Amino acid sequence: MNYIRKINEHPVLYSIVFNALLLIAYILSGTVKYEVSDDFIMQMTVSGGYGSPSPYIIFMSPIVGQLLCFLFNVSKELNWYILFQILIIFLSLSYILYCMLVKRSTISNFLGVTFILFFSADLYQLMQFTKTASIALVAAVFAGFQIIFEGKSRDTIFLILFAVCGLLIRLSAFFVVIPLSSIAFIFIGLTKRNSIFLKKILIFCVTMLGLYTGTMVCNKYIQNNDNQINDYNIIHSNRAKIIDYEYVPFDAIQEELESIGVSRTDYDSLWDWTFSDPMVFNQNSFEEIQLILQNYRAVHKPSIKSILKTLLTKKMWLYVSFWFCAICLVFLFVFDKSTIWIGLILGVITLALMMTHVYIGRLVYRVEFSYFLCYGSLLMLLLNSKNDLNSLNSHKITLILRVFIIVLFMFKFISLLPSMPVDRYYIMYESWNNDLRKYRLKFNDRDLPELIDYFENNCDNTYYFDFNTGIQTYYLAFDPISSSTEYFENVQYLCGVDYLNPARNEWAKRRALTGTIQDLLKDGVYLVDSHDSLMSEIYLRERYGENIKSRFVDEIGGFKIWKITR
């Protein structure tokens, strides 16, 4: 009992111990996994999954790629990629909880613990680098709050560290977290009626903008001094501008596409992720296609009605992150009616920001989560800014909140019970949408034993996964905590976000291949595609000869294997 009391009396110790126990529980449950394959592919790049550790990481800063590449060269016994994200998440959550506990208020303590219980599920059980970047930036915002409104200038080091980490992981996360946070700080500063706060807020905004600019300049400098990574990033950026946004029917832009030599089959292969052919899909063609789509989208803009309809179909009221925001709004209404208007205005701004993502056709769950993460944390800080918060520490309030916390812990325990339904791969497939069933899903290491054994027993052959068949299945079959790099020994995605990645190209050369769709015509190269109509075959037949045909080889563990020949 004395030990427990000692922890309660030391917010730093309590926040670390609480988050450590929660992290251990997540790991022991076996439900820690990547939400999408992007993290898996980045892990393979820096860990040596293509042969040897490579710094050519996607999405993240090349600085992170070089750091992780160095660590994997030092030791491959540990999975430095996932450990890096776990460390950032753990430190961010611990610091946020500390900032709430140091207030020594029952309501602050309750909100801090509740925040961790609600948001840690997405950060650990559905790990994704955009979420990791967002929580680091939110921790930087908490440090900014401590500096501005609590007068703790020593927390400047935490602001810089968390901000830099977040920006290095996902630079664009800046626009999700910092503008909304700056607006919230201005509102809070106005309620304080003290010009000193406004000056500090201005310094905070300038500092964050400076860190963003500095990170961007460093990234550009490294890219411009490495031709391989520069060429790859340009192609990757243009590819993303085409298929990471809302689909445009071929018929709507047929004339423009055919004028640059892009057929219906070519265009369909783009959206089907079978465009692994640099003879057709390269920097020039991507730029031309992107320009055509940009012009079309500029004219055919979604209406407000269609945007709202899209938001309604998302059913955001079922999100765990939304529930926390709702709880905070209730607390504001009950305990601090004078600032409820700030909370509501911030909610409207958050909704408007999400609507802009729908407008450009780029609202996916991980972005929605990041917005709710930011909004929920700002509501929590809004409550924490109340000067007489300690006056609310009545026995009745304390009792009610303790009962609520106990109930939350019961639900958290249930959410940690692993679930392995037969359709678990299907549940994970729509990575752009939220599904409460995803949190508890567990995938055993080597969860596709028949298929993996088949690959290993035929190690002289090469197997290319169709994107839609393997992108949300194959990577889940391996424990992300493991440091193994065996996944790509003789298996590869036919096309993915690593298209034309220098490390992937080296992997192909070692196997006397080109790493393109034309490899499917070579002896010993097979296609894993569970569809009956093969987009790869259709594309190859149109581009490289009518005599090309596919032959069914085998079906292993529900996966169909094909050989395409002339």
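Let me start with strand E1: Thr462 and Tyr464 point one way, Tyr463 and Phe465 point the other way, and all of them are buried. Keep in mind that this is a predicted model. I will come to the confidence values shortly, but first the rest of the sheet around this strand.

E1 covers residues 462–465 and pairs with E3 in the parallel sense, over 4 bridges. Within that pairing, the partner of Tyr464 in E3 is Leu527, and the partner of Phe465 in E3 is Val528. E1 is also joined to strand E2, residues 491–493, by 3 bridges, and this pair runs parallel. Here Tyr463 has Val491 of E2 as its bridge partner, while Tyr464 stands opposite Gln492 in E2. Tyr464 therefore appears twice on my list, with Leu527 in E3 and with Gln492 in E2.Next, E3 itself, residues 525–528. Which residues cover its two faces? Val525 and Leu527 lie on one side, Tyr526 and Val528 on the other, and all four are buried. E3 is also joined to strand E5, residues 559–565, by 2 bridges, and these two strands run antiparallel. In that pairing Val528 stands opposite Ile561 of E5.

Now the sheet as a whole. It is an open sheet of 5 strands in the order E2-E1-E3-E5-E4, with mixed pairing. At the edges are E2 and strand E4, residues 549–556, each of which pairs on one side only. Ignoring direction, neighbouring strands are turned by 30 degrees against each other on average. Helix H21, residues 449–457, packs on this sheet and touches E1, E2, E3, E4 and E5. The direction of H21 makes about 120 degrees with that of E4.

Two backbone details come next. Most residues other than glycine have a negative phi. Lys315 has a positive phi, near 50 degrees, and is not a glycine. Lys315 sits in the loop between helix H15, 304–314, and helix H16, 320–335. Is Lys315 buried or partly exposed? Its relative accessible area is 45%, so Lys315 counts as partly exposed. The other case is Leu500, also not a glycine, with a positive phi of about 65 degrees. Leu500 is in the loop between E2 and helix H23, residues 502–510.

On to the cysteines. How many disulfides does the count come to? The count comes to 0. Take Cys205: the closest cysteine sulfur is in Cys374, 13 Å away, so the two are too far apart for a bond. For Cys374, the closest cysteine sulfur belongs to Cys325, at 9.4 Å, which is again too far for a bond. The cut-off used here is 2.5 Å between the sulfur atoms. As for accessibility, Cys205 is partly exposed at 25%, whereas Cys374 is buried at 0%.

Last, confidence. The protein chain has an average pLDDT of 91, and 96% of the residues score at least 70. Where is confidence lowest, and where is it highest? The lowest is helix H1, residues 2–8, with a mean of 53, and the highest is helix H8, residues 156–169, at 98. Where pLDDT is low, the predicted coordinates should not be read in detail.

Notes
Residues numbered from 1 in each chain as written. Predicted model: local features only at pLDDT ≥ 70, side-chain atom pairs only at ≥ 80, totals over all residues. Heavy atoms only, no water. Buried < 20%, exposed > 50% of the residue type's maximum accessible area, 1.4 Å probe, protein only. Pairing = 2+ DSSP bridges. pLDDT = per-residue confidence, 0-100. Axes fitted to C-alpha atoms, helices over the stretch in contact; angles between N-to-C directions. Contact = heavy atoms within 4.5 Å.
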